[in-house]
Every structure is written in C-alpha cells, then in structure tokens.
Amino acid sequence: MTSTARRMFELLEPICLVTFFADECNAELSALGHRTYWDGYFASRAAPLGRVPAEVVDAAFYSFADGEVARHIPSAWETIPPEASVAARERGSAASLRRILGDELAGSPGLVRAADLTTKAATSAPTAGRVMYAGMRSLPVPSDPVARLWHSATMLREHRGDGHIAALVGARIGGTEAHILSALDMDIHPPESFGRVHHLPKKRLAAVMNGLRERGLVDAEGRFTDAGRELKQHIETLTDELAAAPYDALSATELDELIAALKPITARLEATGSR
C-alpha cells in the first residue's frame, strides 16, 4: 500500500493545490475581509480546529518559523468567524476546479465516481494522532460532487500531512529543516534560496544549516551527504506508509476505478498548474 499512497498523492495533490494557486479562493477570502493572502490562508486552513491560539496552529502546521503564525492568528478571526472562512475556502476551491476542468469534465460521471470513492477513503481512516485530519473530518461533506472531491482530497492531504509531521518529529527534523531538505531534494542550491525559507533572517538560516552540518546531513557546500539523502528518503517512505490507511477501505476494483477516474482530472489540472 506504500506505492498506492504515493500514487494517490500524485493524483490528488493537483486538486488540493487550486486552493493555493488559483484566484477564486483568495478572492472569496478577500471578499470576507481578510487583508492579505496569509490572513486568509491561516484563518481558513486552521478554522476546522476552532478558535485555538497561535501556539496550537503553529504546532499543527509545523512548517512555519517562530512568530509567523502569530502574525495572523487569532487576529484574522477577530471580525470574521472561522466558519465563514472555511466555507469561503470551499466555495473558492470548488469554483476553481469547475473553471479549470470545464463543464464537460466537471459534470462527468467519472468525476462523480471519483468524488464518491475519494470520500469513502477519506472518511475511513482512524483520527488518533491526526489533528488536522480530525479537524477536516469534523466538517460536513459537501453534496455537490466537485466540492466533495476537493473536500475529500483535502482531508486526505491533511491526513498525509499529519503523518509527515510524525515522521519529521521522529527524525528530529524541525519545520525549517524540513524545507531545507526538500530544497536539496529538488536540487535547489543554495537551499536557503528556497521560496519557503528565503525570507527568514540570515542568522536563523545559518543556524539551521550549521545544525544540519553538525548532524552530518549536509556538507560544507550545503549539499546532501549520503546520510542526509538517506534520512530524507526514510522520511518520505515512512510518510507513504503512514498515509496508506485510508485506501484500505477500497477494494482493488474500486482503487482501479478511482485511479482511472482521477487521471483525466489530474492531467487537466497539471496542464494549467492548478491555476
């Protein structure tokens, strides 16, 4: 099931990415009154957790540097209820999917079947230790097939993300360190130039790189050592293993059906960069 989890991630991730890359979600959140993209991002993604403090959101998201979450939470909820933000996120994301896929694909029996099977998988896994996934599971599943496909794909994304964080914690890799390892895995050099971290203070980035060097994970030039590459692969393999449980709910035939139904959807989204 490890290879299944990786294949499903590849097929479902472009569906989830419309939330972050396409215009409609940001427009919906801006219309609510969120001042910036990041206000809307933190408010809408964290909304299923309820009105928790920044410390809880920071722990659940894991990948943001100290103080980043606190610049948006809880201020982003002071005048806009979390429930309104999460509803706007769903509306905008579904609207993006409909636009990108077009009427024929968005209204096809294949999309309806993909939505049904994705939902079956997404609502079947244990929630223990899965904070973000449990939050998404607490929300009602939309009746509209396009919105349901996005919602269930996002549930599976958060399930996978929870497992990925568990793998990182077990490997003693923090959020910023994880971004550096990802940059190296993508052959970005220097890794400090990666878009997710390049804005951080140089002193902070230097400390992270020094820590990775001291552990023997990167070399003097800031590139992977063999040990670093091995650790990155271990984290990814464990992430796949921990992401496999939802697909146990599908029979082999259903899994084949789901993959076949998702292929044209994913192909269309990949062709547009989920924008």
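Here Ala, Val, Leu, Ile, Met, Phe, Trp, Tyr, Cys and Pro count as nonpolar, Asp, Glu, Lys and Arg count as charged, and the others, Gly among them, count as polar. The views below show a predicted model.

**View 1. The second largest pocket and the ten residues named at its wall.** The lining is made up of Trp38, Phe42, Ser63, Phe64, Glu68, Arg71, His72, Gly195, Arg196 and His199. Sorted by class, this lining has three nonpolar, four polar and three charged residues. The volume of the second largest pocket is about 170 Å³.

**View 2. The largest pocket and the residues around its centre.** This pocket has a volume of about 1,100 Å³, and of the 35 residues that line it, Glu13, Arg157, His164, His179 and Arg196 lie nearest the centre. Two or more lining residues come from each of helix 1 (2-21), helix 3 (37-46), helix 4 (54-61), helix 8 (145-170), helix 9 (175-185) and helix 11 (226-242). Helix 8 gives the largest share of this lining, with eight residues. By class, the wall of the largest pocket holds 17 nonpolar, seven polar and eleven charged residues. Arg196, one of the residues nearest the centre of the largest pocket, is also listed in the lining of the second largest pocket.

**View 3. Helix 8 and the residues at its two ends.** The 26 residues of helix 8 should span 38 Å at 1.5 Å a residue, and the end C-alpha atoms are 37 Å apart, which agrees with that expectation. Helix 8 is mostly covered, since 19 of its 26 residues are buried. At the N-terminal end, aspartate 144 acts as a cap, with a side-chain oxygen placed 3.2 Å from the backbone nitrogen of valine 146. After helix 8 comes arginine 172, whose phi is positive, near 60°.

**View 4. Cysteine 16 and cysteine 25, two cysteines without a disulfide.** The structure holds zero disulfides. The closest cysteine sulfur to that of cysteine 16 belongs to cysteine 25 and is 12 Å away, which is too far for a bond, because a disulfide calls for a pair of cysteine sulfur atoms within 2.5 Å. Cysteine 25 is likewise in no disulfide, its nearest cysteine sulfur being that of cysteine 16 at 12 Å. Cysteine 16 has a relative accessibility of 3% and therefore counts as buried, and cysteine 25, at 3% relative accessibility, counts as buried too; the cut-off for this class is under 20% relative accessible area.

Technical notes: Residues numbered from 1 in each chain as written. Predicted model: local features only at pLDDT ≥ 70, side-chain atom pairs only at ≥ 80, totals over all residues. Heavy atoms only, no water. 1 Å grid on protein atoms, 1.4 Å probe; cavity = no way out; pocket = protein on both sides within 12 Å on 5 of 7 lines; lining within 4 Å. Points joined across faces, edges and corners; volume = space filled by probe spheres on them. Helix = DSSP H or I, 4+ residues; strand = E, 2+ residues; numbered from the N terminus. Buried < 20%, exposed > 50% of the residue type's maximum accessible area, 1.4 Å probe, protein only. Expected span 1.5 Å × (residues − 1). Polar contact = N/O pair within 3.5 Å; in protein donor to acceptor, adjacent residues only side chain to side chain.
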